[in-house]
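Colleague: Got a minute to walk me through this one? I'd like a quick tour before I set anything up.

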Amino acid sequence: MADLGGVRAETILMANTQIGNRPWGSFRAKFILVVGGAVLFDLLISGGLALWNVQRLSRDATEEVGHGLEQASLDYIRTYANSTAAQVSLLLGQVNNDVGVLAGVLQEQIDNPKGQAEIGSAISGISPGSVGLSFNPAGQWAQNAPGSPSVVSAWGYLLDKDHSPRTDVQTEIRASAVLDLIAPSLLKNGSSKLQMYFIGPKDRPIFRTAPYTEQAQTFDRLYPGHNDANFWDFFFPGLYEAWQGWAVGRGSRPVPNEITQTAPYTDAITGKQIVSFFHPLWSADRKSVAGTAGADITLDQLAGIVENVKVADSGFGFLAMSDGNVIAISKEGERTIGLRSASGGQGTGVTGLERSLRDSSQPAIAQLASNHDDGIRHLLLDQNGEPVPFMVIMKELPPVNLWEPGKVRQDAMSLGIVVPEREIYASLFAAQTKIFDATNRIVVYQVLAILLSLMIVTMAVLAVSKRITGGISALAGAARRIQAQDYSVRVPVSSRDEVGEASEAFNRMAEQISYHTDNLEQLVEERTVEIEGAKEEISALNALLERENRRLGTELAVAERIQMMVLPLASELAASKDLEIAAYMSAADEVGGDYYDVLEADGRFKIGIGDVTGHGLESGVLMLMVQSVARALQEAGTTDPVKFLVDLNSALFKNIVRTRIDKHLTLAFLDYDGSDMLISGQHEEVIVVRANGNLERIATMDLGLPIGLESDISPFVGTRKVPLAKDDIIILHTDGVTEAENEKGELFGIDRLCQEAVRLHLQSADLIVAGIIDKLMAYIGPHKIHDDITLLVLRHR
Amino acid sequence: MEIRYENFRIWTEDETVFFDGVLRLAGPEAYAPIYSLALAALHENNERVIFDLTGLEFLNSSGINLLAKLTIEARTLAVVRLVVKGTARYPWQSKSLPNLKKLYPQLDLQLA
């Protein structure tokens, strides 16, 4: 087990190295890719869905909140505008009421002349300063002295020669003294009024005003020439006539209300911008105008209400006449909506302020002048060169009768409230920002959560994959080591799954391979020793063989030498005058024992042909012996072919026994006596081709027995006579010719030899030999020549 | 017993010695094992020995010398009847086998 620990460490190291070599190809990498990819896909899908939902939720919430907040803001502004309008109306209503009260009292005086006179007398008694006028020579008018609750002025054209008011004028003065009773308390209570006054009818337009001011002096200063014209015509042209029209039914009140209002103008007495409210008085019969009761309020009061409008940070209000003239607005507001002041007084009568929306530098506001219906408008106002969205709420006040020089018409003031949308929607924007922030936070957390999960999963996958694929990597590493012929490797079995099973199987296989390999090595070792032994033996044998070969080679060389030495010389072949002899002999690779001879003695020719069995030196020696014996017998004059052969055999047999040459030979002789050819001895067939081309094959089987087998062959030896004529040819051969093989192992054969002999028989002996040998060699081709080839051709000259 | 080389095979079945293929061995020494085999057949069988040469395509002169020696050996044993089965299909057989009959007239030569 200690060993196995070492192997395990090494194996794991190797597996790691291998993974390092192919980081993306390993099983582990694939495993990590697949599992990691699946987890990543899952996380991305779920995370993406969550993010998408959060975004949608955020969008919906923003929309919902925005909608709600916008509605609330609009409602608020609308309500604000309504309440501001109500405040303005309330102020105006109070002034109307005060004027109405004063008018009611004065009308009562007119309707009741008796009471009027009494009240007048009573007031004159109590307060003579109120009715006693003194002439002012500088102004050419009369006015009571200071100290009374009210000031009353009688213009020059109302005085008689002694500069005292005319009688009817004085009556009017006295009657108007009732103002002293009511006006001070009306001025003190109710809404803040600048002054209250009474103006007489057109034929005696005295002017009594409470409180006391130096009004005639002020008139002189502000309106020079007023003392020369009728008061009404000078200050309010057309107003009196309009009222007169109402009285006689020539015209109706534009608004069913007695009160007639002026546009703002500069007050002659106080010099302030004021608005006057008139309540005409009627004669008792209601047929004509009997003067008017009036009250002035300064614009400051209206402006105060409007300027108090405070919507969001910089929202403001304004009050505009129907012609677009803005009569109340803060300085800040004036700048925002681009109003420009122009000096009024272009027409007749009291002069006022001209500050119209129409002349605004902001086109959107100028447009508002011609269309100031109630409602909310969204305008773009230029602020320091940049268009800024504003919200403008217009609210029309109840209509009134408005005098303008020459006529009285209906008019309604409009209240406007201007707020930058940015401020209105500030809370909306804040809410949206909060939602946006919250959404972003959620998104960030979600992304972080995904990344964290991914990290954890990646680490887990890495850890698990190492465990799961470790076994397979170890197996792969071990397999490679086995491939590298390290059979000692074993794989640690760390799990009980398929990998564990494979590891166990692998270890068993490795064990077996190791066992077999070890045994094989031992076997190889043994065999190697054996082979080495055999090799030495073979070397020794080789050396022996070499020596033997050398010996045999020498023997063969000697044998070949002997064979060639023994053959007849060319001169011997040509010695016969009757026979043309040609011979061919070719020794095989290993010299055979072919023999041929031409022996001549006393004119007798003996032609021999034979074939010693076997090859080598012994064959050569045997042939030499045959030749020697044959020569000896020929020389000894043995003319009987049978005796010749029997003696030769006898001599050879004895020598074969002595020399223990385990061989014999076929041998035949042809004896030529000048006319016939006598064949004796056993050898191959003798072929005879006559001059006319006839072929004769002469078997020699029965003419003898192989030489050297039997001591006495006389019972077997015979002769055969073949007559020979001119141009007949005889062919002798050894079995080397007929048994020569071609590439297919087929023999040349006696028939082919005969064909060639017949084909060539007319030619010279040499040419016949050459032709047959050519044919034979062509037949053999590159095939091995097994035996000596000997061919003899005899031709009768 | 059997002697087998790439192009010939010689074996015995009972009293018959079969020769098959092409025999072109170098000399008496090379033929010695075959000689021993055939000689053993001659000595072991009392009545008859058959040399079946019908499958022997070629036999060189050394081989014919061997057959001659075996025939002479059979002749000396006398009691054994030697039968040689041959075929005229192969030229060497009709050329050489009759000599065996001459050496040992009692030899039963069957040339088919």
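Modeller: Sure. Let's start with chain B, where 38% of the 112 residues count as buried. Keep in mind that this is a predicted model.

Colleague: OK, predicted. What elements does chain B have, and in what order do they run from the N terminus?

Modeller: Chain B has 3 helices and 6 strands. Starting at the N terminus, the order is β-β-β-α-β-α-β-α-β.

Colleague: What share of the chain B contacts join residues at least 24 apart?

Modeller: If you take contacts in chain B between residues at least 6 apart in sequence, 71% of them join residues at least 24 apart. For chain A, the corresponding figure is 67%.

Colleague: And chain A in general? How many helices and strands?

Modeller: Chain A comes to 20 helices and 28 strands. It has 797 residues, and buried ones make up 37% of them.

Colleague: How many residues does each chain put into the contact between A and B?

Modeller: Chain A gives 16 residues and chain B gives 13. On the chain A side, those residues split into 5 nonpolar, 6 polar and 5 charged.

Colleague: Let's switch to cores. Which residues touch the most other members of the largest nonpolar core?

Modeller: A:Ala154 and A:Leu319, in a core of 97 residues. Helix α2(A) supplies the largest share of that core, with 10 residues.

Colleague: Which residues does A:Ala154 touch?

Modeller: Leaving out residues up to four places away in sequence, A:Ala154 touches A:Leu133, A:Trp141, A:Ala142, A:Leu159, A:Pro165, A:Val169, A:Ile173 and A:Ile206. There's also a second, separate core of 95 residues, and its members include A:Leu573, A:Leu753, A:Ala757 and B:Val17.

Colleague: Back to A:Leu319 for a second. Which residue does A:Leu319 stand opposite?

Modeller: A:Leu319 is opposite A:Leu415, which is in β18(A). As for the strands there, β10 (residues 316-320) and β18 (residues 414-420) of chain A pair in the antiparallel sense over 5 bridges.

Colleague: What's the strand order in the sheet?

Modeller: It's an open sheet of 5 strands in chain A, ordered β11-β10-β18-β15-β14, with antiparallel pairing. The edges are β11 (326-329) and β14 (375-383) of chain A, and each has a single partner strand, so one side of each is left without a neighbour in the sheet. From one strand to the next, the twist averages 25°.

Colleague: Which helix packs on the sheet, and which strands does that helix touch?

Modeller: That's α2(A), touching β10, β14, β15 (386-396) and β18 of chain A. The direction of α2(A) makes about 145° with that of β18(A). Then there's helix α9 (residues 299-307) of chain A, which lies across β10 and β11 of chain A and runs at about 55° to β11(A).

Colleague: Staying with α2(A), at what angle do the axes of α2 and α5 of chain A cross?

Modeller: Roughly 170°, between α2 (residues 27-111) and α5 (residues 179-188) of chain A, and the axes come within 10 Å. The two helices, α2(A) and α5(A), are therefore roughly antiparallel to each other.

Colleague: Which residues meet there?

Modeller: On the α2(A) side you have A:Asp98, A:Val101, A:Leu102 and A:Val105, and they meet A:Ile182, A:Ala183 and A:Leu186 in α5(A). By class, that contact of α2(A) with α5(A) has 6 nonpolar, no polar and 1 charged residues.

Colleague: Now the backbone oddities. Where is there a cis peptide bond?

Modeller: Between A:Ala210 and A:Pro211, with omega about -5°. A:Pro211 sits in the loop between β5 (207-210) and α6 (215-222) of chain A. For context, most peptide bonds are trans, and most residues other than glycine have a negative phi.

Colleague: On that note, which residue in the loop between α13 and α14 of chain A should I look at?

Modeller: A:Gln485, in the loop between α13 (426-483) and α14 (498-566) of chain A. A:Gln485 isn't a glycine, but its phi is positive, about 70°.

Colleague: Is A:Gln485 buried or exposed?

Modeller: Exposed: A:Gln485 has 8 other C-beta atoms within 10 Å, and 12 or fewer counts as exposed.

Colleague: What about A:Asp602, where does that lie?

Modeller: A:Asp602 is in the loop between β20 (593-601) and β21 (604-612) of chain A. Its phi is near 55°, a positive value in a residue other than glycine. A:Asp602 is exposed, with 8 other C-beta atoms within 10 Å.

Methods: Residues numbered from 1 in each chain as written. Chains lettered and ligands numbered in written order. Predicted model: local features only at pLDDT ≥ 70, side-chain atom pairs only at ≥ 80, totals over all residues. Axes fitted to C-alpha atoms, helices over the stretch in contact; angles between N-to-C directions. Helix = DSSP H or I, 4+ residues; strand = E, 2+ residues; numbered from the N terminus. Parallel < 35°, antiparallel > 145°, perpendicular 65-115°, else oblique. Contact = placed C-beta atoms within 7 Å. Nonpolar A, V, L, I, M, F, W, Y, C, P; charged D, E, K, R; others polar. Buried ≥ 20, exposed ≤ 12 C-beta atoms within 10 Å, placed from the backbone. Pairing = 2+ DSSP bridges. Core = buried A, V, L, I, M, F, W, Y, C linked by C-beta atoms within 7 Å.
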